[in-house]
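These are my notebook entries on a single protein chain. I record what I looked up, entry by entry.

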Amino acid sequence: MKLTKKLIAVFVLASSMVVGAFADTLCANDVDVGDISGKKVVGSFTLIGASDKPIKVEDKTKDPKVDGSLLFTKRLNFKGVGKAGCKIQFTAKAGEKVDVWAMSSSKTDGRPVQLLNEKNKTVGSADVSKYEGDTVSKVSFTVPADGTYYVTGKGGGIYVYQVSVGK
């Protein structure tokens, strides 16, 4: 047990160094467990949960997911898109890169993660893997213009582990 805690600490420290190149990062590990319906500000990001399907922040310490040196012990569960849709809101400048670590909540199908502009128009879309194993997908988008953007799913539930915005 002590070795597991030490390994988790090393992975969290390493992930902080890897993400340091980005201007802003939202990691599910840093969000309190519980349901979010409405808006919750976390650093420079705003989590927006739908009233009919809130974002569920889940503790997955016993079933962590990885991507290289990143270790995720919590996840944001977007339980389907709901009426208004679960979203992560942030501002970005033209040319900045948005990286999203996510996974479909389906065990049979991958699902798209979308980048929307402030008018809710899709400016990027990429599929993430179906829910299996312990490795999450990383998808990347380039911001086309300065403004407010949203990361969301389309057509079904997704698990979001981290969003990073920067050069």
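**Entry 1: the loop before S12**

I began with asparagine 120, which is found in the loop between strand S11 (111–117) and S12. I checked the backbone there: asparagine 120 has a positive phi of about 60°, although the residue is not a glycine. Is asparagine 120 buried or exposed? Asparagine 120 is partly exposed, at a relative accessible area of 41%.

**Entry 2: confidence and overall content**

I note that this is a predicted model. The average pLDDT of the protein chain is 85, and 84% of the residues score at least 70. Over residues 1–20 the pLDDT is below 50; this stretch has 13 contacts in the model beyond near neighbours in sequence. Where pLDDT is low, the predicted coordinates should not be read in detail. I therefore leave the fine geometry of residues 1–20, with pLDDT below 50, out of these entries.

I then looked up the secondary structure, and the protein chain comes to one helix and 15 strands. Of the 167 residues in the chain, 47% are buried. Among contacts with a separation of 6 or more, 70% are accounted for by residues 24 or more positions apart.

**Entry 3: the six-stranded sheet**

I traced an open sheet of six strands, in the order S3-S4-S9-S14-S11-S12, with antiparallel pairing. Which strands stand at the edges? They are strand S3 (38–42) and strand S12 (122–128); each has a single partner strand, so one side of each is left without a neighbour in the sheet. From one strand to the next, the twist averages 25°.

Within this sheet I followed one pairing in detail. Strand S9 (residues 87–92) and strand S14 (residues 147–153) run antiparallel and are joined by five bridges. Phenylalanine 90 has tyrosine 149 as its bridge partner in S14. I met both residues again among the rings, where ring pairs link Phe45, Phe90 and Tyr149 into a cluster.

**Entry 4: aromatic pairs and charges over rings**

How many aromatic pairs does the structure hold? I found four. I examined the pair of tyrosine 131 and tyrosine 159, which is edge-to-face, with 5.4 Å centre to centre and 75° between the planes. The pair links distant parts of the chain, 28 residues apart: tyrosine 131 is in the loop between S12 and strand S13 (137–142), and tyrosine 159 is in strand S15 (residues 158–166). Tyrosine 131 counts as buried at 16% relative accessibility, and tyrosine 159 counts as buried at 10%.

What lies over the face of tyrosine 159? Arginine 75 does, at 3.6 Å from the ring centre. I recorded a further case at tyrosine 150: the charged end of lysine 87 sits over the ring, 4.9 Å from its centre.

**Entry 5: strand S13**

In a regular strand the side chains alternate between the two faces of the sheet. I checked this along S13: Ser137, Val139 and Phe141 point to one face and are buried, while Lys138, Ser140 and Thr142 point to the other face and are not buried. S13 is joined by six bridges to strand S10 (residues 97–104), and the two run antiparallel. Threonine 142 in S13 is the bridge partner of lysine 97.

**Entry 6: lysine 56 and strand S5**

I turned to lysine 56, which lies in strand S5 (residues 55–59). Lysine 56 is partly exposed, with a relative accessible area of 31%. Leaving aside residues up to four places away in sequence, lysine 56 touches Gly34, Asp35, Arg75, Leu76, Asn77 and Lys79. I checked aspartate 35 in particular: it is 21 residues from lysine 56 in sequence and 4.5 Å away in space, C-alpha to C-alpha.

Which strands are joined to S5? Strand S2 (residues 34–36) is joined to S5 by three bridges and runs antiparallel. Strand S8 (residues 74–78) is joined to S5 by five bridges, also running antiparallel. I noted valine 57 in both pairings: glycine 34 stands opposite valine 57 in S5, and valine 57 stands opposite leucine 76 in S8.

**Entry 7: glycine 155**

Last, I looked up glycine 155, whose place is in the loop between S14 and S15. Glycine 155 counts as exposed at 70% relative accessibility. I also took its distance to valine 113: the two are 42 residues apart in sequence and 9.6 Å apart in space, C-alpha to C-alpha.

Terms used: Residues numbered from 1 in each chain as written. Predicted model: local features only at pLDDT ≥ 70, side-chain atom pairs only at ≥ 80, totals over all residues. Heavy atoms only, no water. Pairing = 2+ DSSP bridges. Helix = DSSP H or I, 4+ residues; strand = E, 2+ residues; numbered from the N terminus. Axes fitted to C-alpha atoms, helices over the stretch in contact; angles between N-to-C directions. Buried < 20%, exposed > 50% of the residue type's maximum accessible area, 1.4 Å probe, protein only. pLDDT = per-residue confidence, 0-100. Contact = heavy atoms within 4.5 Å. Phe/Tyr/Trp six-rings, centres within 6.5 Å; stacked < 30°, edge-to-face > 60°. Lys NZ or Arg CZ within 6 Å of the ring centre and 35° of its normal.
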